[in-house]
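Welcome, and thanks for taking a look at this one with us. Please open the structure and keep it in view as you read the briefing.

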Amino acid sequence: MMTRSFLIVLILLLSSVSVLADLNTLPDITYTKHFIIHHDRGYSETASVIGDACESWLNEISTRLDLPLSKQKRIPVFLYRNQADFKKGTGHDRPGRVLGLASTKGQIELDASGIFASPEQIAGHEITHALLFQLYGDRITALPLWLNEGTAKYITNDWETIDRMVLADAISKGNLFSLESISHNFPNDDREGLAYAQSTSAVMFFVEKHGEKTLSRLLHSIAITGSFEESMVKIIGQTPDVFEKEWRRSIEGNLITGRIIHIAGIIGLIAMPFALLAAYLAIRRRNQRIIDKFNEEEWEEANRRDWGY
C-alpha cells in the first residue's frame with residue numbers, strides 16, 4: 001500500500017515538473033489591461049506591440065458583435081518565436097496553416113514570427129474565437145464551424161486574392177462544399193483553404209444582405225437556443241438551405257461577371273496597340289492638314305504682297 005501511494009505521489013511530482021518545464025519555455029510576462037502575455041526573453045518589445053493589438057481587437061470585436069469582455073482577470077496569450085516553438089508548445093505541426101489557437105479554456109497561442117501572416121491579425125482572429133467560446137460555453141458545438149471561422153476572418157478583414165481565386169476555381173469545377181459538410185470539421189488537407197474561403201464568403205454575403213448587427217443577433221440567438229436552424233428562421237426568416245442557395249447564386253454570378261471583365265480586359269489589352277496606332281495616324285493626318293493649310297495661307301499671303309491682290 002505504501003509502495004502504491006509512493007508511486008502515485010512520484011507520478012504527480014513528475015507531471016508537475018513537466019508542466020513547469022513547459023512554462024519555463026516562455027519565462028517572461030508582459031501585462032496589458034485585459035491580457036497576460038507569456039513570451040521568451042528578449043521578446044518584450046514584440047509582446048508589447050502584440051499586446052496593444054490585442055487590446056484594440058478586443059475593443060473592436062466586442063463592440064461590433066456585442067460580445068462581452070472576458071470575465072477572467074486577464075486572457076492568457078502565449079507567444080512563440082517561430083513555427084518550431086509553436087509546434088513544441090501546441091503540438092500542431094502544420095507550418096503555414098495553423099498559426100494561432102484559441103481554446104475553450106480561454107487561452108490564446110500565437111506564432112509571432114510574422115513569416116506566414118501578421119501576428120496582430122492572427123491575434124484578432126483568435127480573440128474572436130475566444131469571445132465566442134465565452135459566449136457559448138458548453139453550447140459551442142451549436143455554432144457551425146463555417147460560421148465561427150467565417151466570422152473571425154470577416155471581422156478581421158482577412159479576405160485576400162488567394163481566397164477569391166480558390167473560391168472561383170471551386171465554382172468553375174463544381175467542387176464547392178455544402179455549408180452543412182463544414183459545420184463540424186474542415187478537411188485536413190489542401191481543401192482546407194477552400195473551406196475557409198467559403199466560410200468567409202458566406203459570412204460576407206450574410207452581412208452584405210442583412211447587416212453586421214443582424215450577424216450579432218444571430219450569434220446570440222444560437223447561443224441561447226442551441227439551434228442554428230431555429231435561429232436563422234427567427235432572425236432572417238430563412239432556413240439555412242435557402243440562405244445557402246442565395247449565397248451560391250450570388251458568388252456564381254460574381255464569377256461570371258468577373259470572367260466577363262477579365263476577358264474584356266484581355267481584349268482591351270490586345271486592342272490597345274491598334275487603338276494607339278490609329279490615334280497616332282489620325283493625329284499625324286490632322287497635323288499634316290494643319291501644315292498644308294498653313295502653307296496654303298502663307299502662299300496666298302505672299303502672292304498678295306508680291307502681286308498686290
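The notes below go from the whole chain to the sheet, the helices and two buried residues.

This is a predicted model. Its chain of 309 residues holds 10 helices and 5 strands. The strands form an open sheet with mixed pairing, and helices α2 and α4 both pack against strands of that sheet.

**The chain overall**

- Buried residues account for 39% of the 309 residues in the chain.
- The accessible surface of the chain is about 18,600 Å², and carbon and sulfur atoms supply 58% of that area.
- If we take the contacts between residues at least 6 apart in sequence, 62% of them link residues at least 24 apart.

**The sheet**

- Reading across the open sheet, the 5 strands come in the order β1-β2-β3-β5-β4.
- The edge positions belong to β1 (28-31) and β4 (100-102); each has a single partner strand, so one side of each has no neighbour in the sheet.
- From one strand to the next, the twist averages 20°.
- How do β1 and β2 pair, and over how many bridges? The two strands run antiparallel to each other, with 4 bridges between β1 and β2 (residues 35-39).
- A hairpin of 3 residues makes the connection from β1 to β2.
- To follow the pairing residue by residue, look for Ile29 opposite His38 in β2, and for Thr30 opposite Ile37 in β2.

**Helices on the sheet**

- Helix α2 (residues 44-64) lies across four strands, namely β1, β2, β3 (75-80) and β5 (108-111).
- The direction of α2 makes an angle of about 150° with β2.
- Helix α4 (residues 119-136) also packs on the sheet, where its contacts are with β2, β4 and β5.
- Relative to β5, helix α4 runs at about 160°.

**Where α5 meets α8**

- Helix α5 (residues 145-155) and helix α8 (residues 212-225) have axes that come within 13 Å and cross at roughly 145°.
- The crossing of α5 with α8 is left-handed.
- On the α5 side, the residues in contact are Leu147, Thr151, Tyr154 and Ile155; on the α8 side they are Glu212, Leu215, Leu218, Leu219 and Ile222.
- By class, the residues of this contact between α5 and α8 split into 7 nonpolar, 1 polar and 1 charged.

**Ile182, a loop residue**

- Ile182 sits in the loop between α6 (161-173) and α7.
- Is Ile182 buried or exposed? Its relative accessibility is 0%, so Ile182 counts as buried.
- Beyond its neighbours within four places in sequence, Ile182 touches Leu145, Trp146, Phe177, Ala195, Gln198 and Ser199.
- One of these partners, Trp146, is 36 residues from Ile182 in sequence, yet their C-alpha atoms are 5.9 Å apart.

**Glu192, a helix residue**

- Glu192 belongs to helix α7 (residues 192-210).
- Why does Glu192 count as buried? The relative accessible area of Glu192 is 11%, and the cut-off for buried is under 20%.
- Which residues does Glu192 contact, leaving aside its neighbours within four places in sequence? They are Arg94, Arg97, Phe186 and Pro187.

Conventions: Residues numbered from 1 in each chain as written. Predicted model: local features only at pLDDT ≥ 70, side-chain atom pairs only at ≥ 80, totals over all residues. Heavy atoms only, no water. Axes fitted to C-alpha atoms, helices over the stretch in contact; angles between N-to-C directions. Left-handed = near helix turned anticlockwise from the far one by under 90°. Contact = heavy atoms within 4.5 Å. Nonpolar A, V, L, I, M, F, W, Y, C, P; charged D, E, K, R; others polar. Buried < 20%, exposed > 50% of the residue type's maximum accessible area, 1.4 Å probe, protein only. Areas by Shrake-Rupley, 256 points an atom, 1.4 Å probe, with all protein chains shown as cover. Pairing = 2+ DSSP bridges.
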